[in-house]
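Here is a short, informal tour for anyone meeting this structure for the first time. Have a look at the picture, then read on.

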Amino acid sequence: MEDSKIVELYWQRSEAAISETAKKYDKYCNHIAYNILYNAEDAEECVNDTYMRAWNAIPPHKPNRLSTFLGKITRNLALNKYKGYNTQKRGAGQMELVLSELEECLSTNGKVEDLVEEMVLVDAINGFLAGLPKESRMVFVRRYWYMNSIKEISAQFGMKPNKVTTMLFRMRNDLKLHLESEEIRL
């Protein structure tokens, strides 16, 4: 079913909206949640909560891209759940590694919100991403949005793992320079 028809079901308050959403986006949302949590049960719980949040948000909100809307909800729910984890006991996902990789170019103290307002930073990162070649942009987003492992990215793009690692290292350095050129002090 097309996204516009699914959104219309939400607007009509039809319970079929949730089942149609699950049919089309269950794997996508599970992938996002699992890459953050590395726990199938918790990922499934986040996905179910995503459908409930979508039900409560549509209407009044009418998303332009349902996949992005659901992905963002899932990601935020999974990140919140991750924050509740005791990292030593349950945090086996990519989260700590991904955040440590970005820490050097985003912040010296690990608190981006202390350096700039969130929207200024988002605009600067989006500007940086827009200037990247498509493949580089996709690798960056796969790593830092979807939190895919280097191995997963390598397989998806047919690259050797150290090529992906090198690309990401260079892009982080370029991002740091871009942020500095936008007068976002680190």
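## Two helices that cross

Let's start with one pair: the crossing of α9 and α10 is right-handed. Keep in mind that what you are looking at is a predicted model. Helix α9 covers residues 134-144 and helix α10 covers residues 150-157. Their axes come within 10 Å and cross at roughly 150°. Angles over 145 degrees count as roughly antiparallel, so α9 and α10 are roughly antiparallel to each other.

Who does the touching here? On the α9 side you'll find Glu135, Met138, Val139, Arg142 and Arg143, and these meet Ile150, Ile153, Gln156 and Phe157 in α10. Sorted by class, this contact has 5 nonpolar, 1 polar and 3 charged residues.

## Stepping back

How many helices and strands does the protein have? There are 11 helices and 0 strands. Reading along the sequence therefore gives a plain run of α-α-α-α-α-α-α-α-α-α-α, with helices and strands taken as DSSP runs numbered from the N terminus. The protein has 186 residues, and buried ones make up 41% of them. Now take the contacts between residues at least 6 apart in sequence: 64% of these join residues at least 24 apart.

## Helix α2 against helix α4

Two packed helices are described by the angle between their axes and the distance between the axes. For helix α2 (residues 16-37) and α4, the angle is about 35° and the axes are 9 Å apart. This crossing is right-handed. From α2, the contact draws on Thr21, Tyr25, Tyr28, Cys29, Ile32, Ala33, Ile36 and Leu37. The α4 side brings in Leu66, Ser67, Thr68, Leu70, Gly71, Thr74, Arg75, Ala78, Leu79, Lys81 and Tyr82. By class, the contact of α2 with α4 has 12 nonpolar, 5 polar and 2 charged residues.

## Three residues to click on

Try finding these three in the viewer; the table gives the relative accessibility of each.

| Residue | Relative accessibility | Buried or exposed |
|---|---|---|
| Threonine 50 | 0% | buried |
| Glycine 71 | 1% | buried |
| Leucine 79 | 13% | buried |

Where does glycine 71 lie? Its place is in helix α4, which spans residues 66-84. Leaving out residues up to four places away in sequence, glycine 71 touches Tyr28, Ile32 and Trp145. One of these partners, isoleucine 32, is 39 residues away from glycine 71 in sequence, yet their C-alpha atoms are 7.2 Å apart in space.

Leucine 79 is in helix α4 too. Along the chain, 43 residues separate leucine 79 from isoleucine 36, while 6.9 Å separates their C-alpha atoms. Why does leucine 79 count as buried? The cut-off for buried is under 20% relative accessible area, and leucine 79 counts as buried because its relative accessibility is 13%.

Threonine 50 takes us to helix α3, residues 40-57. Which residues does threonine 50 touch, not counting those up to four places away in sequence? They are Leu70, Ile73, Thr74 and Leu77. With Thr74 there is something extra to look at: a polar contact of 2.9 Å joins the side chains of threonine 50 and threonine 74. Threonine 74 also appears in the contact of α2 with α4, on the α4 side.

Notes: Residues are numbered from 1 along each chain as its sequence is written. This is a predicted model: local features need pLDDT of at least 70, side-chain atom pairs count only at pLDDT 80 or more; totals for chains, interfaces and linings use all residues. Side-chain values use heavy atoms; hydrogens and water are left out. Helices (H or I, at least four residues) and strands (E, at least two) are DSSP runs, numbered from the N terminus. Buried means under 20% relative accessible area, exposed over 50%, partly exposed in between (1.4 Å probe, protein chains only). A polar contact is a pair of N or O atoms within 3.5 Å; within protein, one must be able to donate a hydrogen and the other to accept it, and residues adjacent in sequence count only if both atoms are side-chain atoms. Contact means heavy atoms within 4.5 Å. Axes are lines fitted to C-alpha atoms, for helices over the stretch in contact, and angles run from 0 to 180 degrees between N-to-C directions. Angles under 35 degrees count as roughly parallel, over 145 as roughly antiparallel, 65 to 115 as roughly perpendicular and the rest as oblique. A crossing is left-handed if the near helix is turned anticlockwise from the far one by less than a right angle, and right-handed if clockwise. Ala, Val, Leu, Ile, Met, Phe, Trp, Tyr, Cys and Pro count as nonpolar, Asp, Glu, Lys and Arg as charged, and the others, Gly among them, as polar.
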